[in-house]
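Hello,

Here is the structure I promised to pass on to you. Have a look at it first, and then read my notes below.

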Amino acid sequence: MSLFKARDWWSTVLGEKEEFDQGCLCLADVDNTGNGQDKIIVGSFMGYLRIFHPHPVKTGDGAQAEDLLLEVHLRDPILQVEVGKFVSGTETLHLAVLHSRKLCVYSVSGTMGNVEHGNQYQIKLMYEHNLQRTACNMTYGSFGGVKGRDLICIQSMDGMLMVFEQESYAFGRFLPGSLLPGPLAYSSRTDSFITVSSCRQVESYKYQVLAFATDADKRQESEQQKLGSGKRLVVDWTLNIGEQALDICIMSFNQSTSSVFVLGERNFFCLKDNGQIQFMKKLDCSPSCFLPYCSVSEGTVNTLIGNHNSMLHVYQDVTLKWASQLPHVPVAVRVGSLHELKGVIVTLSDDGHLQCSYLGTDPSLFQAPKVESRELNYDALDTELKELQKIIKDVNKSQGVWSLTEREDDLKISVVVSLNLDSVSQAPDVAAGTDLVPSATVKVTLQNRVALQKAKLSVYVQRPLVLSCDQFTFEFMGIPRVIQCKFRLPLKLICLPGQPSKIASHKLTIDTNKPPVSLLSLFPGFASQSEEDQVNVMGFHFTGGSQVTLLASKTSQRYRIQSEQFEDLWLITNELLLRLQEYFEKQGIKDFACSFSGSMPLQEYFELIDHHFELRLNGEKLEELLSERAVQFRAIQRRLLTRFKDKTPAPLQHLDTLLDGTYKWVIALADAVEENEGSLLRAFARLRSATHLVILLIGLWQKLSADQVAILEAAFLPLQHDTQELGWEETVDAAVSHLLKTCLSKSSKEQALSLSSELARPKDTSRLKKHIALLCDRLAKGGRLCLSTDAAAPPTMVMPGGCTPIPESDLEERAVEHDSPEPFTSHKHLVAETPTPASPLQGVSE
């Protein structure tokens, strides 16, 4: 059992689906037994009033039937319960129950039986007050210095204080400037009420000032009559704490001093009775309730503070002395004497978990048994270790304990993509006045053989495509498993038929080993002219505005893709290869192959990398400028606030002009940051498309298998989203460096070099571009990509003509610049089969 847990002495759960708040818990000897044992009084918003007297047989017992002394349904919601001397003519304790429109005072009495479970308790209504206004909270005390009785003050939702002198109504006063009611407490030493207004400041009002102020019943009279009917309500002192308060408590140590404790949303304040701050503590967690109590050390005070992390902290002034874990989030905490045990901590949660606990530790009576000493058989241990390693190796080869067919039988996913676009676009978040954005419907079907729990379906598409809904959870649906399914969306969703263009800045030529196929048979839905014109040439118009032209040679077995934008070539090139593969598979031809014999377009690719990196740098500079201007703006505000608070008027010395100029600068910089973020998102999308194209061309150029292409994709496309903290450049550089030092290394010396474990934004992209060029050069010289499990001693790779090592210093980098030849400029006639394409109805779903 953990040392820092609240020790459960007694606990119970109140009702079903009932709600409670900080005023619903009270501890007192409500039945006036005089034995010093408190009873637990709990009221709920459902109108149930319960009184408990716990006395467990052993620590940690739950509630027994005899622990509940009384349970009665009062019909109206119970906002607060308090115990005091509320009945005239007697000094015995009575129970006050505050409803939203009524205040009731009860006497609690018990009749002893022959046995413990024969005791009977009942409540009797002494008097009640019907309230004209909706109540919020209440406090009580000896207002005005009366002796032997307690008066009650109720705060309404509209900021009115209603004072009741036991059975009679005394007066009502409106608090000036009240908007929302706050916590309310009474200080007997200063005879004043203390609350926190909606202006986030602590306010103190003298009882005598309230008594002689204008009556709230006369507020409906004219302004002149109201001014002459009584004195104006004046606040005694105020203190701005800058946040809303959760609760207020008054602690009187002796007749000469008292302290006001205020629990805020982020801080805990201790004030003197004249409003001066004695100390304050900034809390690490969001608090939920608190309770100050006297400390054993003279001149200090202890405070119990519960927070929303289910923790109970004990502070001595501002020093944390103890922290204990609770099984629930407390909304009310009290300390009392229960069953001859003093200092029991009683906590109540908002859903009715009532617990009595104490702090400290329990002695551990467990003693570990002695272990019989025996000699170890090292031969048997070696044999067992080898058998276990063999089992682990077999499991890793099979990729799981269960076979793939068994997992697929448990849950099957099928995806059907509509070939036609929706007649009415379902595109979300489309701005008014823009062109119509097309949409396509995807139908996902789940078939399960076994019962599943909390099955979650996630659908992912690459930007700039978006989904109307990407998360589905099935509650009616063991062991966590993931099933994936890939699918292809119709090409019409992204581009439309367009006019072919003869002029283009970027061109790619794909060679095949089969005669050219009519483009109309490959792209039947993109015919815009006569069929004779589009047998060998076809134009595509992207929804973003760019144009791509596809040409099929009449004499040779080649296809050319050309466009003004380099990144736009990838989608049409990839779609052409997939459709060619499907076309020849339908014809029964299995030896179809494609190749790329041109030079790798790394210069165009590097320009996109530089543009993306430049936008990242620009974003950091703009954020730094925005932070500096924000600091300047707040400094000017503080200077102006000091001038305005000064009793002696002083000239502003153009501070207002400087404030206005700084404000405009902050707004302009914020707009620039937002604009740069949009440009960075678009640049990252273009960079991803260009990266897909480069990976595709490398696969065709070097005859890479599907596993090797997957390794390239994992290295070049590690991020789905680009951020300032972790960017594409440093992530890809680390991945490419790892490949160059492992499977593409020239010698074991390079394998021994260690990589930096920390990813940081580089100063420029020169190192990344060198590594990418070196990767392509080593692939051209015979290198092959692999992920070997035995990374400690991979086979040494022999490449024709040698290769350039990875530069690890400035001198080595300069040597590489002079010695290494220009990569991949003369690699011709390299033919590679295309990777096996995915089915047209595959999808990504979990």
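**What I found**

The strands β11, β12, β13 and β14 form an open sheet of four, in that order, with antiparallel pairing. At its edges are β11 (135-141) and β14 (168-174), each of which pairs on one side only. From one strand to the next, the twist averages 20°. If you would like to look at one pairing in this sheet, take β11 and β12 (residues 151-156): six bridges link them in the antiparallel sense. Within that pairing, T139 has C153 in β12 as its bridge partner.

Before you go further, please keep in mind that this is a predicted model. Its pLDDT averages 81 over the protein chain, and 82% of the residues score at least 70. Where is confidence lowest, and where is it highest? The lowest mean, 34, belongs to strand β40 (residues 831-832), while strand β8 (residues 94-99) has the highest, at 95. Two stretches call for a note of their own. Over residues 789-846 the pLDDT is below 50, and the model gives this stretch 126 contacts beyond near neighbours in sequence. Residues 220-230 also stay under 50 in pLDDT, and here the model has five contacts beyond four places in sequence.

Back to β8, with its mean of 95. A hairpin of two residues connects β8 to β9, and the two strands run antiparallel, joined by four bridges. In this pairing L98 stands opposite L103 in β9. Strand β9 (residues 102-111) also pairs with strand β10 (residues 120-130), again in the antiparallel sense, over 10 bridges. There, Y106 faces L125 in β10 as its opposite residue.

Further along the chain you will find another open sheet of four strands, ordered β15-β16-β17-β18, and its pairing is antiparallel. Why does one side of β15 and of β18 have no neighbour in the sheet? Both β15 (184-187) and β18 (237-240) stand at the edges with a single partner strand each, so one side is left without a neighbour. Ignoring direction, neighbouring strands in this sheet are turned by 20° against each other on average. Inside the sheet, β16 (residues 192-196) and β17 (residues 201-206) run antiparallel and are joined by five bridges. V196 stands opposite V202 in β17.

As you trace any of these strands, one general point may help: side chains in a regular strand alternate between the two faces of the sheet.

Enjoy exploring, and do write back with any questions.

Best wishes

Methods: Residues numbered from 1 in each chain as written. Predicted model: local features only at pLDDT ≥ 70, side-chain atom pairs only at ≥ 80, totals over all residues. Heavy atoms only, no water. Pairing = 2+ DSSP bridges. Axes fitted to C-alpha atoms, helices over the stretch in contact; angles between N-to-C directions. pLDDT = per-residue confidence, 0-100. Contact = heavy atoms within 4.5 Å.
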